[in-house]
Amino acid sequence: MTIGIVGAGQLGRMLALAGYPLGLDFLFLDPSPDAPAGQVAPLLCGPFTDRRLLARLARRCEVLTFDWENVSVDALRAVSSRTRICPPTAALAASQDRVSEKRVFERLGIPTTRWRSVGSYAELRRAIRDIGLPGVLKTRRLGYDGKGQAVIRTAQDADRAWESLGSAPLLYEEWVPFDCEVSIIGVRSRRGETAIYPLNGNIHAGGILRLTRAPFGPPRWQRQAARYLRSALEHFRYVGVLTIEFFVSRGRLIANEMAPRVHNSGHWTIEGAATSQFENHLRAILGLPLGPTHALGHSAMINLIGSMPEREWLLAEPGLHLHDYGKAPRPGRKLGHCTIVERTARARDRRARRLLAALAPEIRIP
């Protein structure tokens with residue numbers, strides 16, 4: 001049985017590695033001949049919008065999925081008569097437009113930031129007047145890892161942000177003085193079976209995730225986040241893995257965005273959960289029973305950004321699991337990650353602090 005994956009980045013690579021023990025085969029489509037998943041599975045090289053290649057992918061595969069949310073919805077829909085597509089394109093489309101995403105959250109009663117759609121400089125000024133400062137101006141589409149956004153604290157900031165971003169449709173939202181950032185990952189199968197992973201506590205720098213710890217936070221955060229996620233899974237009649245990211249402000253969860261795919265904050269599940277998010281995504285889209293999602297300990301996942309540390313030094317750490325994505329070094333690029341699993345949260349955090357002191361000294365664990 002062959003799974004087609006649009007996008008051959010590290011997430012696709014980890015999907016393939018999770019699927020091989022299940023006897024699955026994979027075929028990828030990606031514009032880059034050097035994409036990480038191409039090192040572990042066959043790769044069709046061409047644009048995500050190439051309908052000829054997408055049709056070829058669809059003919060050869062049992063089901064199509066994707067490892068990145070900025071693939072073309074229209075191109076996927078054009079081949080939907082040839083094969084199943086999971087997750088549903090409606091969820092993909094909503095995640096690609098921040099205004100559509102906010103409307104979904106509001107419809108489902110999921111708390112989110114105050115926001116306004118912005119299509120002109122005059123609308124930006126009105127949004128600032130209505131919502132106040134500080135705020136964040138974001139492109140409605142194609143924003144990830146902190147790209148396509150600007151913080152506005154003054155009128156001069158607004159002018160600069162408009163100059164930088166004003167050529168695209170935008171959204172202005174309030175700046176949330178959050179205490180921490182968390183994400184919840186869940187999975188829904190073709191049978192309607194759902195499973196939710198423990199909550200993730202995330203630390204970003206420069207818009208890029210640097211550290212995830214799980215399980216994280218008090219039980220009430222887990223219950224709230226799981227309730228919101230289940231409502232989204234049911235709303236879309238979702239099939240596959242879905243993630244919602246939240247700010248936590250004064251104990252209240254405020255939804256920031258959703259990702260209709262396996263997620264960076266769930267990498268710890270490979271070693272730290274009974275079934276990884278990658279395996280459960282494959283189980284879900286194939287209609288197989290879902291695996292249990294409970295944590296096997298207290299995990300910390302550190303992203304390796306820009307350059308890879310010495311392999312010998314990392315592997316000298318007892319129980320450390322290294323994942324090298326096979327990418328060429330480049331500033332700001334995710335090259336790999338490492339995970340540790342400990343018996344207690346205190347032991348996990350102690351080891352994570354020590355590792356971060358060498359790998360990313362600018363990151364601090366509160």
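Which residue in strand 2 is the bridge partner of Gly-4? Let me answer that straight away, since it leads us into the sheet: the partner of Gly-4 is Leu-27. Before going on, please keep in mind that the model we are looking at is a predicted one.

If you look beside that pair, you will find another, because Ile-3 has Phe-26 as its bridge partner in strand 2. Both pairs belong to strand 1 and strand 2, which run in the parallel sense and are joined over five bridges. As a general point for those new to this, the strands of a sheet pair through backbone hydrogen bonds, and they may do so either parallel or antiparallel. Here the two strands are part of an open sheet of five, whose order is 3-2-1-4-5 and whose pairing is parallel. At the edges of this sheet are strand 3, residues 43-45, and strand 5, residues 84-85, each of which pairs on one side only.

Let me stay with strand 2 for a moment. Five of its six residues are buried, so strand 2 is largely enclosed by the rest of the structure. What does Phe-26 touch, once we leave aside neighbours within four places in sequence? Its contacts include Ile-3 and Ile-5, then Leu-15 and Ala-16, and also Leu-282, which is much further along the chain in the numbering.

Those contacts bring us to the largest nonpolar core, which has 35 residues, and in which Ile-3, Phe-26, Phe-28, Phe-278, Leu-282 and Ile-285 touch the most other members. Among the elements that each supply at least two residues of this core are strand 1, helix 1, strand 2 and helix 10. Apart from this core lies another, of 27 residues, and Ile-110, Val-182, Ile-196 and Ala-232 are among them.

Now let us turn to Val-241, which lies in strand 14, residues 240-249. Is Val-241 buried or exposed? With a relative accessibility of 0%, Val-241 counts as buried. Setting aside residues up to four places away in sequence, Val-241 touches several others, including Pro-87, Ile-185, Val-187, Arg-261 and His-281. Val-241 and Leu-282, the latter of which we met in the core, are 41 residues apart in sequence, while their C-alpha atoms are 9.0 Å apart in space.

Strand 14 also matters for the next topic, the cavities. A search of the whole structure finds two cavities of 30 Å³ or more, and the second largest has a volume of about 30 Å³. Which strand gives the most to its lining? Strand 14 does, with three residues, and strand 10 and strand 12 also supply at least two each. Among the lining residues are Glu-245, Phe-246 and Phe-247, together with Val-182, a residue that also belongs to the core of 27 residues. By class, this lining divides into three nonpolar, three polar and two charged residues.

Finally, let us look at a pocket. The second largest pocket has a volume of about 160 Å³, and helix 1, helix 9 and helix 10 are the elements that give two or more residues to its lining. Helix 1 gives the most, with three residues. The lining includes Met-14, Leu-17 and Ala-18, as well as Phe-278, which is one of the residues of the largest core with the most contacts to other members. By class, this lining holds seven nonpolar, four polar and one charged residues.

Note on methods
Residues numbered from 1 in each chain as written. Predicted model: local features only at pLDDT ≥ 70, side-chain atom pairs only at ≥ 80, totals over all residues. Heavy atoms only, no water. 1 Å grid on protein atoms, 1.4 Å probe; cavity = no way out; pocket = protein on both sides within 12 Å on 5 of 7 lines; lining within 4 Å. Points joined across faces, edges and corners; volume = space filled by probe spheres on them. Helix = DSSP H or I, 4+ residues; strand = E, 2+ residues; numbered from the N terminus. Nonpolar A, V, L, I, M, F, W, Y, C, P; charged D, E, K, R; others polar. Buried < 20%, exposed > 50% of the residue type's maximum accessible area, 1.4 Å probe, protein only. Contact = heavy atoms within 4.5 Å. Core = buried A, V, L, I, M, F, W, Y, C linked by side-chain atoms within 4.5 Å.
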